[in-house]
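This report goes through the structure below chain by chain, then turns to the places where the chains meet.

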Amino acid sequence: MSLYLLFKGLLSRKVVTILLLLQLAMTLALLLNSVLLAQQTHKQLNQPTGMDLDNIVLVQLKPTTASLRVYPALEELLNRQLNAVSALPDVVAAAYANQSALLQGGNNGNVYLDGEEGRTNQPSVPMYFVSKEFFRVLDSQVLQGELPQHSVSLDNPVRPDVVITQSLAKQLFADKSAIGQQLNRGRLAAVISDFYGQRSGDNVMYNSIQVAPPYGVDWGYSILLRVTPGRAGAVRQQLDQVLRQVEPNIEIFHIRTLAEQHQRLYRNEYGLAMLLTILSALMLLVTMVSSYSSTHFHALKRQQEIGIKRALGASKNSIFIELLSENWLCTLVGALFGVVLALLLNQALAQVISIPSLNGYLPVMTIMALLLCVTLATWYPAAIATRISPASATKAL
Amino acid sequence: MITLNNLSKIFRTELIETHALRDVNLQINEGEFAALTGPSGSGKSTLLNILGTLESFDGGDYLLDGQSVTGLSDAALSKLRNEKIGFIFQSFNLIKDFSIYDNIELPLRYRGLNADARKQRIEQALELVGLHARRDYLPGQLSGGQQQRVAIARAIAGQPRILLADEPTGNLDSLMARQVMELLEQINQQGCTILMVTHDPDQARRAGRNIQIIDGQLHDSTLYEPLAAHSA
Amino acid sequence: MEQFIYYLKVSLKGIKRAPLPYALTIFILSVGLGVFFANATFYYQLNSDPLPQKSDKLFFPMLNLVPYQCTTDCRTPRVLSYSNVQKLSQSGIPTQAAAMYSADGYLRINATQPPLPVSIRITQRDFFSLFDVPLLHGSVWPDNSARQEVILTKTSAENLFGRTDVVGEKLLLDDRHVTISAVLDSWQMLPRLYDANNHNHLSDADDIYLPLETGYDMNYLSNSQSSTFDDTDYRQLSTQGRTGALHQLQYWVQLDTAAQQQAYRQFMHNLVQDEKAAGRHPSEPNNQLIAMRDIVSYFGGESSDIKAFALVTLLFLLVCLFNASHLSLNRYLSNQYEFGLRRALGASRSQLQLQMLADVLLMALFTIGGALLTGYAGIKLMTELLPANRLFADWDLTLLIALLLLAVICSYLVTLYPSLRASFGTLNQQLKE
């Protein structure tokens with residue numbers, strides 16, 4: 001069977017073929033972009049955060065009475081709560097913080113070298129006010145200097161020392177030693193390994209930490225716990241009760257592992273990728289329906305032709321292959337248009353959402369997937385068509 | 001009833017032109033029963049289609065009941081077909097999932113008759129073809145001869161002036177074929193003009209007039225053999 | 001009529017003849033329309049105008065009255081400071097004006113009750129008339145001065161007291177005594193355009209309303225955005241917060257006429273010039289007077305995922321349309337002989353078109369049913385996966401009528417070409433076989 005004859009066969013059914021090609025092209029375009037988006041989300045969810053997400057539990061809470069939100073009652077409450085949760089089995093370390101890591105936005109501000117604001121200013125760097133165990137909870141590596149050992153009030157004439165993450169240190173000081181430098185927030189005491197702070201910042205790994213009780217807790221505060229690996233579930237179950245025993249006048253907004261927090265941070269991307277995946281699946285289904293029906297009707301209409309071919313000695317297999325090849329050819333031609341269409345769609349989507357551009361191997365993969373679906377859908381009607389008896393050739397003549 | 005003046009029909013493909021009909025002149029009078037014979041590919045079906053206004057022609061003129069069909073709109077042609085022409089096909093062309101009654105009703109629907117008028121005419125037609133008891137059957141439940149009688153009932157229910165039959169007995173055995181022929185003769189005697197394509201010389205002889213078509217040209221031989229002699 | 005019922009019967013017979021292709025056609029059309037419609041619901045609701053009669057008369061003035069010299073980012077802050085608002089409200093030009101922000105608090109009737117977490121809108125008197133908020137009981141504060149009075153929504157009144165007529169009752173708001181001065185009727189402004197910063201326009205209305213001055217006195221910080229551009233201590237909101245560069249307020253003015261708008265622009269221009277001359281802000285002037293209609297796009301809060309999805313679902317609908325017409329073409333082609341027969345029996349093209357219309361109607365009917373089901377499922381799925389938009393998932397009459405029309409148009413398109421082809425096809429050929 002020749003390619004020429006196949007093409008000719010397709011061309012003779014102009015409208016049907018054009019409809020099929022258009023639809024194949026659009027399916028491929030959508031499929032490709034969905035896969036791209038899904039890949040991107042997957043990558044985002046798998047980028048390093050610098051933290052052991054599964055074994056850190058986050059409690060977000062707030063006192064419900066105004067008197068508990070002012071010092072010294074607040075500091076006393078924070079310490080009581082820390083003591084209680086630290087005593088829980090499987091809790092390795094516990095700390096409070098004015099905010100958690102892995103947020104969209106939160107408490108942040110400028111960081112710059114004193115006197116060199118114009119040159120060194122980094123905007124929107126998260127500011128953490130924490131208890132000293134915070135670094136143990138995150139399992140931070142101390143890269144330079146020493147961690148502050150005592151909590152110092154932010155209202156102290158000498159402001160509490162500052163700890164910053166490695167990326168921020170690199171940005172501010174390049175390769176020079178940073179320890180002892182005066183930042184606008186205080187003297188730099190240590191540089192620690194990176195962790196994921198706030199997504200809306202210029203660099204998610206920029207963070208500055210001070211060991212100090214928070215200014216206030218109008219937005220609530222976090223208690224972060226490092227637990228024995230695999231015991232997050234068990235610890236989590238007791239937290240609500242333990243914290244309420246310490247102080248009933250609190251509202252607990254949520255208790256999650258940082259892994260869950262991370263997932264929520266990318267929930268929108270996840271949702272969009274998920275929706276596109278579902279849509280792609282629907283499209284494949286629709287394409288399969290169309291391949292199925294087009295082969296089915298086509299074979300029905302050409303019963304006589306198939307009968308003649310059979311009478312002239314075509315085997316069942318060759319009829320079968322012929323019908324499949326027609327669909328393969330159609331799919332391939334449609335896929336070629338589809339790649340062009342996918343590029344256009346990719347550009348259109350890039351106007352409204354962030355989506356990576358197309359690369360080399362992905363189109364090949366999706367075309368293979370499309371071919372597989374088309375083959376599956378064509379199989380049954382093509383198999384039926386081969387059963388047409390050679391005798392039918394003579395019937396209608 | 002039917003007048004063709006120098007009618008011609010050409011089929012064109014990219015490479016060749018085929019003259020299916022060449023300067024055909026034909027006059028069929030009211031009440032005639034004419035048989036159209038000729039070898040395969042001679043243009044019989046083309047002529048019948050043109051007479052039935054199913055197909056257009058390229059030259060000449062066609063007057064049906066004194067009226068030229070040239071330049072009529074689709075709606076006017078449809079009306080003409082619906083009111084003046086009845087068709088009978090070799091393969092009956094009944095709609096399989098319509099009852100006998102519904103099949104006969106089809107042309108009357110297109111004429112826009114009200115339900116009572118339709119019913120009356122269908123009853124008459126069923127009476128004539130002797131299938132009144134089977135009115136609610138589906139075509140598949142009837143024999144070939146019965147099906148063709150239904151098709152005849154459908155064709156005459158609209159009380160057409162002319163009946164065009166394309167090998168009406170081609171798919172029937174001889175007994176059934178004779179019944180159908182008798183029915184057609186009966187209809188002819190009631191005043192309906194009939195033009196019938198046939199391969200069967202016997203049937204052609206039974207018709208009042210025999211028109212032969214060879215290579216798109218007519219050879220008219222009118223046999224003045226009275227019908228009564230045959231039926232006797 | 002009788003004739004049309006006949007046409008419908010014939011259509012049904014045609015469906016029975018080949019139920020699978022027909023079911024597939026309906027399925028594909030329903031899925032395409034349903035998915036498109038689910039997304040269109042969000043798109044339509046998110047872009048709807050909650051105050052069509054005055055959204056072009058309400059403006060948010062923003063200016064660079066800040067104590068810093070901008071270097072790279074010279075956009076005006078998205079929120080204003082207390083002193084900014086004071087200066088902006090001195091013009092007397094707007095018909096009405098209200099500054100606002102929101103905070104979180106706890107509400108209870110007495111100290112023995114468990115506290116009810118509430119979202120507080122801290123604002124001024126004109127808020128309620130600016131946005132046409134309906135009042136059920138009581139009256140709005142007579143002026144903008146501080147008073148220990150709150151206005152409750154109907155729902156929070158019912159939650160606290162089990163009834164709505166609670167004007168004059170006392171409450172504890174974060175352990176401080178307040179009196180209820182009014183109860184609002186059910187009110188939901190969606191999207192909540194008066195607070196479009198940080199995608200807040202997607203949120204529900206707040207639970208209680210507190211006068212702005214009282215909010216500052218009680219040291220409520222904004223739960224959406226508080227930025228300080230100097231050394232203002234944000235624990236000292238009632239003193240430093242009123243004078244320093246602590247920005248957290250949104251300010252809406254109603255400017256009914258073009259002349260008013262022009263006058264207000266001029267006023268803002270003069271104000272900034274005067275302040276600059278007085279050395280109170282070093283940045284270049286960059287005055288903005290954003291109409292409510294444009295506020296979401298100004299803040300870059302348009303739902304890009306819904307937009308991206310709109311494009312994609314439209315493409316999907318097209319694919320489904322192509323596919324369905326392909327199927328329906330096949331269906332008609334296998335019925336072509338019947339068309340020929342009808343033509344031979346004297347049906348005119350217009351009569352066949354009527355038959356087709358019956359086909360379209362039936363198909364539209366089935367498709368609408370299928371599309372509604374798919375659309376409903378799609379909306380459920382989308383609220384599950386993109387919960388930020390959950391408040392925008394409702395169908396209204398306009399949407400339903402649009403779906404109806406769209407389904408009919410799609411059914412028509414799907415049936416149009418095949419039936420034209422069948423009814424205009426040469427008559428003779430199909431009858432011979």
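## Chain C: burial and overall form

In this predicted model, 46% of the 433 residues of chain C count as buried. The secondary structure of chain C consists of 14 helices and 12 strands. Its radius of gyration is 30 Å, whereas the globule rule gives 22 Å for 433 residues, so chain C is more spread out than a compact globule. Along the principal axes, the C-alpha atoms of chain C fill a box of roughly 100 × 55 × 35 Å.

Contacts in chain C with a separation of 6 or more are mainly long in sequence: 78% of them involve residues 24 or more positions apart.

## Chain C: two domains

Chain C is divided into domain 1, made of residues 2-49 and 303-432, and domain 2, made of residues 64-286. Domain 1 is thus given as two segments of chain C. The C-alpha centres of the two domains lie 50 Å apart.

How many residues of domain 1 of chain C are in contact with domain 2 of chain C? Six residues of domain 1 are in contact with five residues of domain 2. On the domain 1 side, the residues that touch domain 2 comprise four nonpolar and two polar residues, with no charged residues.

## Chain C: strand 7 and its partners

Strand 7 of chain C covers residues 170-173, and its side chains alternate between two faces. Leu171(C) and Leu173(C) point to one face and are buried. Lys170(C) and Leu172(C) point to the other face and are not buried.

Strand 7 of chain C pairs with strand 3 (residues 96-108) of chain C in the antiparallel sense, through two bridges. It also pairs antiparallel with strand 8 (residues 176-184) of chain C, over four bridges. Leu172(C) takes part in both pairings: Arg108(C) stands opposite Leu172(C), and Leu172(C) stands opposite His177(C) in strand 8. Strands 7 and 8 of chain C form a hairpin with two residues between the strands, where Asp174(C) has a positive phi near 50 degrees. In general, strands of a sheet pair through backbone hydrogen bonds, either parallel or antiparallel.

## Chain A: overall form

Chain A has 13 helices and 11 strands. The radius of gyration of chain A is 32 Å, while a compact globule of 397 residues would have one near 21 Å. The box filled by the C-alpha atoms of chain A, taken along the principal axes, is roughly 105 × 50 × 30 Å.

Of the 397 residues of chain A, 43% count as buried. Among contacts in chain A with a separation of 6 or more, 83% are between residues 24 or more positions apart.

## Contacts between chains

Two pairs of chains are in contact, and chains A and C share the most contacts. Chains A and B are not joined by any contact, and their closest C-alpha atoms lie 12 Å apart.

Between chains A and C, 40 residues of chain A are in contact with 39 residues of chain C. On the chain A side, the elements that give two or more residues are helix 2 (14-46), helix 9 (267-301) and helix 11 (316-352) of chain A. Helix 9 of chain A gives the most, with 16 residues. By class, the side of chain A that touches chain C has 26 nonpolar, 12 polar and two charged residues.

## Chain B: sheet and helix

Four strands of chain B form an open antiparallel sheet in the order 2-1-4-5. Which strands of chain B are the edge strands? They are strand 2 (17-28) and strand 5 (67-68) of chain B, each of which pairs on one side only. Strand 1 (residues 2-12) of chain B and strand 2 of chain B pair antiparallel over eight bridges. In this pairing, His19(B) in strand 2 is the bridge partner of Ile10(B).

Helix 1 of chain B spans residues 44-51, and eight of its eight residues are buried. The buried residues of helix 1 include Lys44(B), as well as Leu47(B), Leu48(B), Ile50(B) and Leu51(B). Ser45(B), Thr46(B) and Asn49(B) in helix 1 of chain B are buried too. Thr53(B), which follows helix 1 of chain B, has a positive phi near 55 degrees.

Note on methods:
Residues are numbered from 1 along each chain as its sequence is written. Chains are lettered from A and ligands numbered from 1 in the order in which they are written. This is a predicted model: local features need pLDDT of at least 70, side-chain atom pairs count only at pLDDT 80 or more; totals for chains, interfaces and linings use all residues. The radius of gyration is taken over C-alpha atoms; the globule rule is 2.2 Å times the number of residues to the power 0.38. A residue is buried if 20 or more other C-beta atoms lie within 10 Å of its own, exposed if 12 or fewer, and partly exposed in between; C-beta atoms are placed from the backbone. Two residues are in contact if their C-beta atoms, placed from the backbone, lie within 7 Å. Two strands pair if DSSP finds at least two bridges between them. Ala, Val, Leu, Ile, Met, Phe, Trp, Tyr, Cys and Pro count as nonpolar, Asp, Glu, Lys and Arg as charged, and the others, Gly among them, as polar. Domain bounds come from an automatic or database domain assignment.
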